[in-house]
Structures are given as structure tokens and as C-alpha cells.
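I opened the notebook to follow how the helices pack and how the strands pair, and to look up a few residues in the loops between them.

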Amino acid sequence: MSVTTQDYSMVIGGEWVESESGERFEATSPATGESLGTLPEGTRDDARRAIAAANAARRDWAARSAFERAAAMTRVADLIEERRDDLARTLTLDQGKPLHAESYGEVEELVVYWRMAAADATRLAGSMPPSVDASKRVLAYRVPRGVAGSSRPGTGRTRCPPS
């Protein structure tokens, strides 16, 4: 598998950006030691910007209907499928996983999880959705926003009553 080195950026708020520090680090293949490229060395301020951007995006995401959110998650699954070969190759280069024995399976599992999340987005009640892996259980539950007793109104986070 030939390696083409690249300089990569990170995404914050939907934009490809560099770290505020301007620092970068080199990623190498664990299998060969070859350079895969350089990446931004994220700082605490970069993490804070990313968290703030995610919180701002959450409001727009929450304003969409369940069916719009499901359609968006289905598009993510479709894009992962379209990029299956590139993603599997990246996993192999970055983590040293066997391409056909593990990386393709991991990408396929990711597609299945996104499709399950898309289907779950349209369900209003809590449920125990099936897991791709029989040894894992997935618990999904709905927490209404701004309910009485919540620690912060509108956050959807609720406090459990004392036992």
C-alpha cells in the first residue's frame, strides 16, 4: 500500500482550520514507520472553540424535525459507503489494522450504526435498539427538554431524585 504524505487540517464549526498555536505533529504508520502526513496540534483553546461551535450547531439541529435529522444521518451513512475504500485504507495506514480482515468490517459497522441512528431519530419513545455486536447492548431514552426538576432548563439534562 503506497503512502502519499499530506498536511491535514481539523474541522471546527464546519470550517477546515489550523490550530491556534500553529503547531503540527507528524503521523506515522505503525506498520512501516512511514510518514502519513502532518496534523494540527490542537490546543485547549481549539477544543473550547470546537465545543462552542458544537453547542451553537445543536440549536439548529434540535430545530429540525425528526425526519429531517434521520435524512441527514442517512446521508452520512451514504457518504461513508461511497468512501468505504478510502476510509478502510486510512484505518489500515493509521492503526496498522489488516485491510480486509478488520478495516472494511469496521467501516461497514459504522455505516450500520449511522443507519440505525437515522431510524432511531424518528422514534419518540425510549427503546432498546438492536446492536450490531451481540455482546453489546444499546440503550436509548428520550429526555424532554425544560422539564421540572432539570438541572438547567432547556438542556434536557435531568437530575435523578434521591433514593
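I began with the crossing of α3 and α4, which is right-handed in this predicted model. I noted which residues make the contact: Arg84, Asp85, Leu87, Ala88, Arg89, Leu91 and Thr92 on the side of α3, and Leu99, Ser103, Tyr104, Glu106, Val107, Glu108 and Val111 on the side of α4. For the geometry I wrote down an angle of about 125° between the two helices, with their axes 9 Å apart. Angles over 145 degrees would count as roughly antiparallel and 65 to 115 as roughly perpendicular, so I entered α3 and α4 as oblique to each other.

I then looked at what connects these two helices, and picked out Lys97, which lies in the loop between α3 (84–95) and α4 (99–121). Is Lys97 buried or exposed? Its relative accessible area is 18%, and since the cut-off for buried is under 20%, I recorded Lys97 as buried. The side chain of Lys97 makes a polar contact with the side chain of Glu106, at 2.5 Å. Setting aside neighbours within four places in sequence, I found Lys97 in contact with Leu91, Thr92, Glu102, Ser103 and Glu106. Of these contacts of Lys97, I marked Leu91 and Thr92, as they also belong to the α3 side of the packing with α4.

Next I turned to α4 and its packing with helix α2 (residues 66–82), where the angle is about 170° and the axes lie 8 Å apart. I therefore entered α2 and α4 as roughly antiparallel to each other. From α2 the contact is made by Ala66, Arg69, Ala70, Met73, Thr74, Val76, Ala77, Asp78, Ile80 and Glu81, and from α4 by Val107, Leu110, Val111, Trp114, Arg115, Ala117, Ala118 and Ala121. I underlined Val107 and Val111 of α4, which take part in the contact with α2 and are also listed for the contact with α3.

The strands came next. Three of them form an open sheet in the order β1-β5-β4, with mixed pairing. Because β1 (6–7) and β4 (24–28) stand at the edges with a single partner strand each, one side of each is left without a neighbour in the sheet. I found β1 running parallel to strand β5 (residues 35–40), joined to it by two bridges, and I noted Gly37 in β5 as the bridge partner of Gln6. On the other pairing, β4 and β5 are antiparallel over five bridges, and Thr28 stands opposite Ser35 in β5.

I followed β4 into the hairpin with β5, where six residues lie between the strands and Gly33 takes a positive phi near 80°. In this loop I also looked up Ser29, and entered it as buried at 5% relative accessibility. A polar atom of the side chain of Ser29 lies 3.3 Å from the backbone nitrogen of Thr32. Leaving aside neighbours within four places in sequence, Ser29 is in contact with Glu34, Leu36 and Leu93.

My last entry concerns Gln95, which has its place in helix α3 and is partly exposed, with a relative accessible area of 42%. I checked its C-alpha atom against that of Ala31 and found a separation of 8.0 Å, although the two residues are 64 residues apart along the chain.

Definitions and conventions: Residues are numbered from 1 along each chain as its sequence is written. This is a predicted model: local features need pLDDT of at least 70, side-chain atom pairs count only at pLDDT 80 or more; totals for chains, interfaces and linings use all residues. Side-chain values use heavy atoms; hydrogens and water are left out. Two strands pair if DSSP finds at least two bridges between them. Helices (H or I, at least four residues) and strands (E, at least two) are DSSP runs, numbered from the N terminus. Buried means under 20% relative accessible area, exposed over 50%, partly exposed in between (1.4 Å probe, protein chains only). A polar contact is a pair of N or O atoms within 3.5 Å; within protein, one must be able to donate a hydrogen and the other to accept it, and residues adjacent in sequence count only if both atoms are side-chain atoms. Contact means heavy atoms within 4.5 Å. Axes are lines fitted to C-alpha atoms, for helices over the stretch in contact, and angles run from 0 to 180 degrees between N-to-C directions. Angles under 35 degrees count as roughly parallel, over 145 as roughly antiparallel, 65 to 115 as roughly perpendicular and the rest as oblique. A crossing is left-handed if the near helix is turned anticlockwise from the far one by less than a right angle, and right-handed if clockwise.
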